Each structure stands twice: as structure tokens, then as C-alpha cells.
Amino acid sequence: MAALVGRRVLLQAFRGHAADRDSVCRLGTVCYRPRFCGLGSKEPEMSALAWTRASMRHYSSDSKDDLRVRYLDGEDAGIVVVGLNRPKAKNAISKNLVKMMYDAVEDIKKNNKVRSVILCSVVPGIFCAGADLKERAKMHQSEVGPFVSKARALITELGNLPMPIIAAIDGAALGGGLEMALACDIRIAGMITNSAKMGLVETKLAIIPGAGGTQRLPRAVGVSLAKELIFAAKVIDGVEACRLGLVNHSVEQNESGDAAYVRALELAREINPQGPIAVRMAKLAINQGMEVDLSTGLAIEEACYSQVIPTKDRLEGLAAFREKRRPLYKGE
């Protein structure tokens, strides 16, 4: 059953309507409504994720195809799926990927119709292996610091998106890959039984996490445990990550290899019907409130609450409650 769900939801996420199949767009610096190549009515028995991956392999060497962004429509309108796609490099973070993610984040930030974002991978068995060490080895020492700063700033911008961001971790998330997931509001991991696949492993290379890991991991799992994980470069699986509070959910992997994505989409669909301005204000209040004392945090909550009082959505919520119907929020 899980595999069938996976086939359906990934197919929805990575293709346009049948009439749009010829309007294929490979992501360049900015692409507002990109669609995925090769997904149509052929071979319906193949899992959606497998079909998506197979169709992308032809373009895996094209730097313009390192990131795949899909704005869902229909009942899932408001959900954006951001897919990492560097199969030969295990989705390692390169200069080009950083640039493309910046463009995608800026595009999403400006779109008031976006209600949630899913960050995932379209490469089998890998979320993100961290920094592209082959590219890093070719950098002059003077280039390393500025590049890490850009990657850190990107991940901060990702975390600062006003709407909820869900990381679907179907595979290894190491170093910068885990730092990217840590910047998301919610993390879901597929159970990986063959080996541990999640960790900040930079000390193995005689460096430290440089894209927020030393700050976000302690906030997720506690200071002492974060120190143990970082000092010893430990890697853990999805089950252990859930036990430690590193991820919200650990789900049994399905035949399609996209169980975390399936659960992430289910969660995004739970968020979608709620008042979008309220959700954004709730995120802002939580994020800012966690950085200050309780008294200041309550003041932040009050300020965020004041933003929802004059909205049409609030009146719609009251009217829907009174009329015993489902509210129809417009983000106004």
C-alpha cells in the first residue's frame, strides 16, 4: 500500500498536467513554473520516483538540472517541492547548487500563494552527502571561506522562509546535507536498516560544521548530545534520529524509496487548509521567541497575533465555524 501511495504522490509532484508535457523547463538561474522531463502516461506500472529518476539521468551532467522545483497545483496548490538532483555527486553542495537554491528560495519567498515547501532528493538512496569535496579540493584557500559563508547564508535564508519547510530525508544526510535539513522546520526520515546515514561528520576532515550545524543541532537535540555527535563525527539512522529528537518522524521505507517524501506530502496537505497568514505568524513567533527570554517571547507572540486580527481570513474562520462548514482561506 505504501508503495502505491508513493507512486501516486510522487507522480503528482514531478509532472504537470498531460496538456503541459511539452512545456518542459530545465531550471536555470530562475524558472518560475518548471516541470519535470519525461513523465507521462508510459509504463504506469513503474513507480513514480523510479520513473522520475530514470527520466532525469539523461540530464544529470547538466548543471542547469542540479535542482528541480515543482509548484503543485489542483488540490495541492500552495505546496512547492524542491528536489536535489546531482546523482553523480550524491547531491553534494556545489557552487552551482548554492546559486540555484538561492534563486529558488528567492522565488518562493516572493510568492504569497506558497503555503509549504518540501525539500527532498530525486536521487536514489541519498538526501545530500554534504560539501562537494572534489570541487572544494580545486579551490584556492582564499576561496573556501567565502564559499562556506555563501552556503551558510543560503541555509539561513532557507530556514527564514516565512512558510513551513519540511525536509524529506530518504537517504544519507551528512555534513552540509544535514545542516540543510536542520534549517527546515520539520524533518522526516525514512528508516534505513543497512547502515547509519545521518550526521555532522566534519571533524573527520579536521574541520567543523560551517553552515549552521554547531548552532542548530544543539537547539534540536540539546547541547551535550550535540557535542557528542559532532566531536565523534557520529552517524545515526532514522530510528535513532527520531529517538534523539533530530527528526520528527521516522517512517518505514517503501518499495519506491520515497517513504519520507510521502509522509512529508501528507503533512503538507494537513498544513494547506489552515490559515496561511496564521501559520506564517506562528512560525515567526516560535522562531524568534526561542532566541529570547519568556517575557520577550510573549511580547513577540502578541505582536504576531496583532497581525492576524485585521485579516479577512480571521473573519472567514469565524463565519465557517458559525455556519459549520470548511473555511476557505485566501491569505488575505
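Below, a visitor asks how labels are earned in a predicted model, and a guide answers.

Visitor: What makes up the chain, in helices and strands?
Guide: The chain has 13 helices and 9 strands. Of its 332 residues, 50% count as buried. Among contacts with a separation of 6 or more, 71% join residues 24 or more positions apart.

Visitor: Why is Cys 184 called buried?
Guide: Buried means under 20% relative accessible area. Cys 184 has 4%, so the label is buried.

Visitor: And Cys 242, why is that called partly exposed?
Guide: Partly exposed lies between the 20% and 50% limits. Cys 242 has 29% relative accessibility, so it counts as partly exposed.

Visitor: How many disulfides does the model have?
Guide: The test asks for a pair of cysteine sulfur atoms within 2.5 Å. By that rule the count is 0.

Visitor: Which strands form the sheet of 6, and in what order?
Guide: The order is S1-S2-S3-S5-S7-S9. The sheet is open, and its pairing is mixed.

Visitor: Why are S1 and S9 at the edges?
Guide: Each has a single partner strand, so one side of each lacks a neighbour in the sheet. From one strand to the next, the twist averages 20°.

Visitor: Which helix packs on this sheet, touching S1, S2 and S3?
Guide: That is H3. Its direction makes about 15° with that of S1.

Visitor: How do you know that S1 and S2 pair?
Guide: Pairing needs at least two bridges. Strand S1, residues 67–71, and S2 share 5 bridges, in the antiparallel sense. One position to look at is Val 69, whose bridge partner in S2 is Val 82.

Visitor: What joins S2 to S3?
Guide: 6 bridges do, and these two strands run parallel. Strand S3 covers residues 116–121. Leu 84 stands opposite Ser 121 in S3.

Visitor: Why is S2 called largely enclosed?
Guide: Strand S2 spans residues 79–84, and 6 of its 6 residues are buried, so the rest of the structure largely encloses it. Side chains in a regular strand alternate between the two faces of the sheet. On one side of S2 are Ile 79, Val 81 and Gly 83. On the other are Val 80, Val 82 and Leu 84. Both faces are covered.

Visitor: What makes S7 mostly covered?
Guide: Strand S7 runs over residues 186–190, and 5 of its 5 residues are buried. Ile 186, Ile 188 and Gly 190 lie on one side, Arg 187 and Ala 189 on the other. Both of these faces are covered.

Visitor: Which strands does S7 pair with?
Guide: Strand S5, residues 165–169, is joined to S7 by 4 bridges. Strand S9, residues 249–251, is joined to S7 by 3 bridges. S5 and S7 run parallel, and S7 and S9 also run parallel. Ala 168 has Ile 188 as its bridge partner in S7. Gly 190 has Val 251 as its bridge partner in S9.

Visitor: What is the order of the open sheet of 3 strands?
Guide: The order is S4-S6-S8, with parallel pairing. S4 (126–128) and S8 (198–199) are its edge strands, since each pairs on one side only.

Visitor: How do you know that S6 and S8 pair?
Guide: The test is at least two bridges. Strand S6, residues 172–174, and S8 have 2 bridges, in the parallel sense. Ala 173 stands opposite Met 198 in S8.

Visitor: Why are H3 and H5 called roughly parallel?
Guide: Angles under 35 degrees count as roughly parallel. Helix H3 (residues 95–109) and helix H5 (residues 141–159) pack at about 30°. That makes H3 roughly parallel to H5. Their axes are 10 Å apart, and the crossing is left-handed.

Visitor: Which residues meet where H3 packs on H5?
Guide: The H3 side includes Val 98, Met 101, Tyr 102 and Val 105. The H5 side includes Phe 147, Ala 151, Leu 154 and Leu 158. Charged names appear too, among them Lys 95 and Glu 106 in H3, and Glu 143 and Lys 150 in H5.

Visitor: Why is Pro 276 called buried?
Guide: The limit is under 20%. Pro 276 has a relative accessible area of 10%, so it is buried. Pro 276 lies in helix H11, residues 276–289.

Visitor: What does Pro 276 touch beyond four places away in sequence?
Guide: Pro 276 touches Arg 115, Asp 313, Tyr 329 and Gly 331. Its C-alpha atom is also 9.1 Å from that of Ser 116, which is 160 residues apart along the chain.

Note on methods. Residues are numbered from 1 along each chain as its sequence is written. This is a predicted model: local features need pLDDT of at least 70, side-chain atom pairs count only at pLDDT 80 or more; totals for chains, interfaces and linings use all residues. Side-chain values use heavy atoms; hydrogens and water are left out. Buried means under 20% relative accessible area, exposed over 50%, partly exposed in between (1.4 Å probe, protein chains only). Axes are lines fitted to C-alpha atoms, for helices over the stretch in contact, and angles run from 0 to 180 degrees between N-to-C directions. Angles under 35 degrees count as roughly parallel, over 145 as roughly antiparallel, 65 to 115 as roughly perpendicular and the rest as oblique. A crossing is left-handed if the near helix is turned anticlockwise from the far one by less than a right angle, and right-handed if clockwise. Contact means heavy atoms within 4.5 Å.
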